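Q: I would like to take a close look at a single part of this model and then see what lies around it. Please go slowly, as I am new to reading structures.

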Amino acid sequence: GYFSKISGCTEIFLKMALILGMERSCDETAAAVVRDGYEVLSSSVASQIAKHAAHGGVVPELAAREHLTALTPVLDGALSEANVTLGDIDAIAVTQGPGLIPALLVGLSFAKGLALGHGIPYVGVNHFIGHIYGAFLDEANSALADPASYPLLALVVSGGHTSLMLIDSHGKAAALGGTIDDAAGEALDKGAKLLGLGYPGGPVMQRTAEGGDPHRFEFPRPLTGGAGKPLAPENRWNFSFSGIKTALLYHVKNHAGEDGMLPAELLKDTVASYQEAVVDVLTRKTLAAAKEFGAKTIVVAGGVACNSVLRERFEALTPSGVRLRLAARKYCTDNAAMIGGLGFHYWKKGNFSSPDIDSYARLPQITQVPFLD
Ligand code: KG4
Ligand code: ZN
């Protein structure tokens, strides 16, 4: 049957592709149903943040165990919210990597079992490209398909990544650079931990910084060619955030009171200044790369792209003539809608995964994105 009835409606719809996306690469267990690569019918996320907060960061084995118990309810939630059953699903898209191997393996094994058990094809997708794709969800006439959007420069900035990727109108992609040590989100998480603010650091840093003076303290801007240090050509599009964190450590030591803690009066301005250093580096380097490579679109995606100061700065500084696409906040942090949306493009081309695909921890070299022909 090439026609199907969508529940609750009496009209008959031309059958469109329903992809079930599943994401378990770190500390979130997520499932989503996405129609035709963009229309998100449901997106369900079970966060383990509370479980990991006690440890001040993500514990891989704990993440894997939590995924085991969260998998079924999250899947059921996504299917029922979308008003579909597994029988309606055309393909399953699952995060293959990069990420934490124990978490990825649980998700991939579950997806394989589900797919094989129900005779549904499945495809393993790249989480990093998924983040970029997340900036284009919920949109029928996607700017993705418009040649005038290219070259497209994507900044993926999360707890695991800080990378710039350039994509042309044929989908040819090249990583311009990435972090040589910590990711930006990691710098915020570690900074917050150092200040005793909790986990994850990004949101709590943003809240704490509100109303603070972002220029009271000067934190370093690594690999920007400032501070009299010429920038080595190979680091032109690379990032480094471990130095900012070290500077914070010394800042706290220098200003610490009797109790070894930063005086409360300094906290707001300290956090605002720290966040400002991260935002300043990210925006300056991205805008410089956009200029250098003549980008027509700048995409900002990944968990740190939730940050209001970062979003406002990009809005203020992106030159007219360049389209700015900030991923919607709900698609910035890890979610399965971005995976289900991206998976559609593999399904369309009949590119399914073999039964023996394995997870991978590190970002492979990407030369092509699958959402352009
Ligand atoms: O994309 P994501 O959910 O997971 C990874 O793939 O890493 O990103 C998580 C990161 C964490 O480092 C978290 O602190 C950061 O995103 N984050 C934020 C904000 N919300 C989440 N960073 C800055 N400001 C926020 N509002
Ligand atoms: Zn992510």
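Is Gly185 buried or exposed, and why does it count that way?

A: This is a predicted model, and what follows should be read with that in mind. Gly185 counts as buried, because its relative accessibility is 5% and the cut-off for a buried residue is under 20%. Gly185 has its place in helix α5, and its C-alpha atom is separated by 7.0 Å from that of Val157, although the two residues are 28 apart along the chain.

The helix that holds Gly185 leads on to the largest pocket, since α5 (184-194) is among the elements that each supply at least two residues of its lining. In fact α5 gives the largest share of that lining, namely six residues. The other elements that each supply at least two lining residues are α4 (127-133), β9 (162-167), β10 (173-178) and α6 (201-209). The space in the largest pocket comes to about 1400 Å³. Its lining is made up of 50 residues, and those closest to the centre are Ser158, Gly159, Gly160, His161 and Ala183. Sorted by class, the lining of this pocket holds 22 polar, 19 nonpolar and nine charged residues.

For the second largest pocket, the space is about 290 Å³. Here 16 residues form the lining, with Arg221, Pro222, Leu223, Gly226 and Lys229 closest to the centre. Eight residues of this second lining are nonpolar, five are polar and three are charged.

Helix α4, already named for its part in the lining of the largest pocket, also holds His127 and His131, which lie four residues apart, or about one turn of the helix. Both of these histidines are buried, and both are donors of the zinc ion (ligand 2) through their NE2 atoms, while Asp334 is a protein donor through OD, with distances of 2.0 to 2.1 Å from the ion. Along the sequence, the donor residues follow the spacing H-x3-H-x202-D, in which the two histidines belong to α4. As a point of reference, the ideal angle at a metal with four tetrahedral donors is 109.5 degrees. Around this zinc ion (ligand 2), the four donor atoms subtend angles of 93 to 137 degrees, and the arrangement is therefore irregular; to count as tetrahedral, all angles would have to lie between 85 and 135 degrees.

To compare a buried residue in a helix with buried residues in a strand, we can turn to β4. Eight of the eight residues of strand β4 (residues 28-35) are buried, so the strand is largely enclosed by the rest of the structure. In a regular strand, side chains alternate between the two faces of the sheet. On one side of β4 are Glu28, Ala30, Ala32 and Val34, on the other are Thr29, Ala31, Val33 and Arg35, and both faces are covered.

The strands that pair with β4 can be followed in turn. Strand β3 (residues 18-23) runs antiparallel to β4 and is joined to it by six bridges, with Gly21 standing opposite Ala32. Together β3 and β4 make a hairpin that has four residues between them. Strand β5 (residues 39-47) also pairs with β4 in the antiparallel sense, over eight bridges, and here Ala31 stands opposite Ser44. The hairpin of β4 and β5 has three residues between the strands, and in this hairpin Asp36 takes a positive phi near 55 degrees.

Definitions and conventions:
Residues numbered from 1 in each chain as written. Chains lettered and ligands numbered in written order. Predicted model: local features only at pLDDT ≥ 70, side-chain atom pairs only at ≥ 80, totals over all residues. Heavy atoms only, no water. 1 Å grid on protein atoms, 1.4 Å probe; cavity = no way out; pocket = protein on both sides within 12 Å on 5 of 7 lines; lining within 4 Å. Points joined across faces, edges and corners; volume = space filled by probe spheres on them. Nonpolar A, V, L, I, M, F, W, Y, C, P; charged D, E, K, R; others polar. Donors = N, O, S within 2.8 Å, 3.2 Å for Na, K, Ca; no water. Tetrahedral: all angles 85-135°; square planar, octahedral: opposite > 155°, others 65-115°. Buried < 20%, exposed > 50% of the residue type's maximum accessible area, 1.4 Å probe, protein only. Pairing = 2+ DSSP bridges.
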